[in-house]
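Please study the sequence and the structure shown below before attempting the exercises. Each exercise consists of a task followed by a worked solution.

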Amino acid sequence: MDDYLDSNRSMWDEYAEHHVESSFYDVAGFKSGRNILYKTELEEIGSEVPGKSLLHLQCHFGLDTLSWAQMGASPVIGVDFSPQAVAAARRLSQETGIPATFVQSDIAGLTEHLTGEFDVVYTSYGVLCWLPDLAPWGKTIGHFLKPGGFFYIVEFHPFSYVFNNDEGISSLEIKYPYFHNPEPLRFDTGGSYAAPDATIQTKNSYEWVHSLGDIVNTLISAGLRIEWLHEFPFSVCSLLPCMEEFEPRYYRLTEHGQSIPLMFSIKASKP
Ligand SMILES: C[S@@+](CC[C@H](N)C(=O)[O-])C[C@H]1O[C@@H](n2cnc3c(N)ncnc32)[C@H](O)[C@@H]1O
């Protein structure tokens with residue numbers, strides 16, 4: 001298991017360096033005032049975050065974390081297991097003067113590196129497939145959430161991961177399982193969603209599938225109450241064959257109408 005996570009960490013270290021320079025993340029735009037958060041999370045929880053303490057899990061190099069701080073969350077802490085991502089996040093906080101603390105830790109071991117309780121625990125887009133087991137993730141959320149606080153996730157829908165997205169594929173065909181297997185799926189690495197032309201040294205990455213039922217039941221087992229679960233027929237990434245950008249930064253299928261879920265969000269509170 002450690003080998004799988006080490007390989008993923010080394011890939012994310014390399015990606016972090018490319019992503020800081022990428023037009024996808026547009027750090028220059030962020031520095032000149034562009035809000036990087038998507039309208040989905042802004043509409044769903046944007047008005048509830050100002051004035052609250054916020055813990056951001058798998059924060060990458062901290063752009064979303066700093067955006068929530070800029071919107072008035074305080075204090076704000078971002079966590080990621082990639083040392084390069086955390087170093088870049090700390091640099092960005094210093095350069096912009098936006099206060100935030102960044103902690104380098106695996107999500108499963110966070111209680112060894114951080115103390116305290118938060119009003120909001122937040123995580124988004126492309127996070128769960130890197131976790132071998134959701135139970136420690138749920139325990140981490142339950143541990144760091146204040147009674148009365150809420151957890152929010154907006155994430156790619158696990159059903160959207162069943163389809164073949166190899167280069168050259170032009171229609172939807174099932175390739176991957178929907179249900180969890182403790183053995184990860186192994187992928188050859190290459191360019192990323194934000195740096196498609198990047199070449200990196202890490203050879204493989206490892207991903208795990210977590211069904212929507214597993215995600216919901218993990219949060220319930222962690223003592224949280226599900227407030228709502230939303231499913232969306234569009235995505236913030238062009239993850240599949242035949243997708244088109246239908247409004248800035250949002251993609252939908254060009255075929256099959258709006259017939260399958262591509263993202264979901266959950267708000268869950270700690271009683
Ligand atoms: C796709 S990125 C998240 C992107 C984020 N929504 C953004 O756009 O900035 C996934 C992040 O998860 C982190 N990560 C992966 N596995 C992790 C783990 N087990 N513990 C902590 N962080 C992890 C990676 O280092 C990476 O920064």
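The exercises below treat the ligand site, selected helices, the nonpolar cores and some backbone features.

The model is predicted, so local features are reported only at pLDDT of at least 70 and side-chain atom pairs only at pLDDT 80 or more, while totals for chains, interfaces and linings use all residues. Residues are numbered from 1 along each chain as its sequence is written, and side-chain values use heavy atoms, with hydrogens and water left out.

**Exercise 1. The ligand site**

Task: Determine which residues come nearest to the ligand, and state how the residues of the shell divide into nonpolar, polar and charged.

Solution.
Step 1. A residue is near a molecule if one of its heavy atoms lies within 4 Å of it. There are 16 residues around the ligand, and Y25, H60, D80, I107 and S124 come nearest.
Step 2. For the classes, Ala, Val, Leu, Ile, Met, Phe, Trp, Tyr, Cys and Pro count as nonpolar, Asp, Glu, Lys and Arg as charged, and the others, Gly among them, as polar. The shell holds eight nonpolar, six polar and two charged residues.
Step 3. Polar atoms are then examined, a polar contact being a pair of N or O atoms within 3.5 Å; within protein, one must be able to donate a hydrogen and the other to accept it, and residues adjacent in sequence count only if both atoms are side-chain atoms. An N or O atom in the side chain of H60 is 2.9 Å from an oxygen atom of the ligand. For Q58, a polar side-chain atom lies 3.3 Å from a ligand oxygen atom. At S124, a polar backbone atom is 2.8 Å from a nitrogen atom of the ligand.
Step 4. Taken alone, the ligand exposes 600 Å², and the protein buries 96% of that. Such areas come from the Shrake-Rupley method with a 1.4 Å probe; for residues, only the protein chains shown count as cover.

**Exercise 2. The setting of H60**

Task: State where H60 lies, and whether it is buried or exposed.

Solution.
Step 1. H60 is found in the loop between β1 and α4. Helices (H or I, at least four residues) and strands (E, at least two) are DSSP runs, numbered from the N terminus.
Step 2. Buried means under 20% relative accessible area, exposed over 50%, and partly exposed in between (1.4 Å probe, protein chains only). H60 has a relative accessible area of 11% and is therefore buried.
Step 3. Although H60 is not a glycine, its phi is positive, at about 55 degrees.

**Exercise 3. Helix α4 and the nonpolar cores**

Task: Explain why helix α4 is described as largely enclosed, and identify which residues have the most contacts inside the largest nonpolar core.

Solution.
Step 1. Helix α4 spans residues 63-70, and seven of its eight residues are buried, so the rest of the structure largely encloses it. The buried residues include L63 and W68.
Step 2. A nonpolar core is a set of buried Ala, Val, Leu, Ile, Met, Phe, Trp, Tyr and Cys residues joined through side-chain atoms within 4.5 Å. The largest has 36 residues, and L54, L63, W68, Y122 and M263 have the most contacts inside it.
Step 3. Elements giving two or more residues to this core include α4, α5 (83-96) and β5 (145-156).
Step 4. Another core, of 28 residues, lies apart from it, with I107, I153, L212 and F264 among its members.
Step 5. Contact means heavy atoms within 4.5 Å. Leaving aside neighbours within four places in sequence, L63 is in contact with Y25, V27, F30, I36 and L92.
Step 6. Just after α4, G72 takes a positive phi of about 110 degrees.

**Exercise 4. T40 and Y38**

Task: State which side chain forms a polar contact with that of T40, and where Y38 lies.

Solution.
Step 1. T40 belongs to helix α3 (residues 39-45). With a relative accessibility of 6%, T40 counts as buried.
Step 2. The side chains of T40 and Y250 are joined by a polar contact of 2.6 Å.
Step 3. Y38 lies in the loop between α2 and α3, and its 10% relative accessibility makes it buried.
Step 4. Not counting neighbours within four places in sequence, Y38 is in contact with F24, Y125, V236, R249 and Y250.

**Exercise 5. A cis peptide bond**

Task: Identify which residues a cis peptide bond joins.

Solution.
Step 1. The cis peptide bond joins S74 and P75, with omega about -10 degrees.
Step 2. P75 lies in the loop between α4 and β2 (76-80).
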